[in-house]
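Work through the exercises below with the sequence and the model open side by side. Try each task before reading its solution.

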Amino acid sequence: MRYEQLRKTYEDRWKGLNQGIPVNSKYKRLREVIPSWDLGEATLLLGQSGSGKTRFIFKVLVLDSLKFMSKNPKKKVRILFNSLELSELDFYSMLVCYLFKEKLGIVMSSEYLLNKLQKEELDVQLFENLEKIKPQIEFFNSWVTIKDDIRTADAWFKYCKKILDDAGYVDEQGKYQKKDPNLHFIILVDTLNALSIPSGSNKLVEMTKYSSEYMKQTLRGFYKCHCVQLQQMSKDPQSS
């Protein structure tokens, strides 16, 4: 890298060019490592089963990014979330509980919310409150897609690639250019261990294929997405 290129790169970073959505400032220790969800970068979150990886990344990345974007309309983020463990309804229940607390001052867990829907008598107040947060739910729908029915690395890559191809084009130099340069893509897989294994393959091959080929070379390298992978760690040190 020539000196002029190095200097310009540093100046661009200082100006905030090519940077993504900043991590919430209240997470000071996290910001020391990941100041923002930048273009063409990757984040790997490891944790044991039940350690709260999914809820953490849903709050810190998804919800906080949308909150930042609502206050900074020039920054746009499109989030593609492949959930291999929780259902789409689970995420929307977490979203509703977050909005109830944030907008209405009502505190409840997603489990409690779903239990209320099993009662014979309709909870009128619940649905009245749901109506009050309808604009925020629709805003979420405009920028976040949660998929719980794509199970293989190949299928998820093809799904993401089609959306990215529709959102941009390849220029004369062979580089990918977004139609909207302010649009930032974040792609999440939760959890990588849960990818389905096609016949004739194995877990290690599929995880390596996604991480090295699809994610590193194409989604990060060519399309300049920020890729996030959640991975489950076992107490057994011999486990993958």
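The exercises cover a sheet, two helix pairs, a pocket and two backbone details.

The model is predicted: local features need pLDDT of at least 70, side-chain atom pairs count only at pLDDT 80 or more, and totals for chains, interfaces and linings use all residues. Residues are numbered from 1 along each chain as its sequence is written, and side-chain values use heavy atoms, with hydrogens and water left out.

**Exercise 1. The sheet**

Find the order of the five strands in the open sheet and say which strands stand at the edges.

Solution. Strands (E, at least two residues) and helices (H or I, at least four) are DSSP runs, numbered from the N terminus. Two strands pair if DSSP finds at least two bridges between them. Step 1: the order is E3-E9-E8-E4-E5, with parallel pairing. Step 2: strand E3 (42-48) and strand E5 (144-147) each have a single partner strand, so each has one side without a neighbour in the sheet. Step 3: from one strand to the next, the twist averages 15°. Step 4: helix H8 (residues 153-166) packs on the sheet and touches E4, E5 and strand E8 (183-190); contact means heavy atoms within 4.5 Å. The direction of H8 makes about 170° with that of E8. Such angles run from 0 to 180 degrees between N-to-C directions, and axes are lines fitted to C-alpha atoms, for helices over the stretch in contact.

**Exercise 2. One strand pair**

How many bridges join strand E4 to E5, and which residue is the bridge partner of Leu-80?

Solution. Four bridges join E4 (residues 76-83) to E5, and the two run parallel. Leu-80 has Thr-145 of E5 as its bridge partner.

**Exercise 3. Two helix pairs**

Classify the packing of H6 with H7 and of H4 with H6.

Solution. Angles under 35 degrees count as roughly parallel, over 145 as roughly antiparallel, 65 to 115 as roughly perpendicular and the rest as oblique. Step 1: helix H6 (residues 124-132) and helix H7 (residues 134-143) pack at about 55°, their axes 4 Å apart. H6 is therefore oblique to H7. Step 2: the H6 side of this contact is Leu-130, Glu-131 and Lys-132, and the H7 side is Lys-134, Pro-135, Gln-136 and Ile-137. Step 3: H4 and H6 pack at about 75°, with axes 10 Å apart, and are therefore roughly perpendicular. Step 4: Val-96, Phe-100 and Leu-104 of H4 meet Leu-126, Asn-129, Leu-130 and Lys-132 of H6.

**Exercise 4. A pocket**

Which helices give two or more residues to the lining of the second largest pocket?

Solution. On a 1 Å grid over the protein atoms alone, a pocket is an open set of points where a 1.4 Å probe fits, with protein on both sides within 12 Å along at least five of seven lines; lining residues have an atom within 4 Å of a point. Step 1: of the 20 lining residues, Lys-59, Met-94, Cys-97, Tyr-98 and Lys-101 are the closest to the centre. Step 2: the helices are H3 (53-71), H4 (88-104) and H5 (110-116).

**Exercise 5. Backbone details**

Where do Thr-191 and Lys-224 lie?

Solution. Thr-191 is in the loop between E8 and helix H9 (203-220), and the peptide bond from Asp-190 to Thr-191 is cis, with omega near -10°. Lys-224 lies in the loop between H9 and strand E9 (226-233); its phi is near 60°, a positive value in a residue other than glycine.
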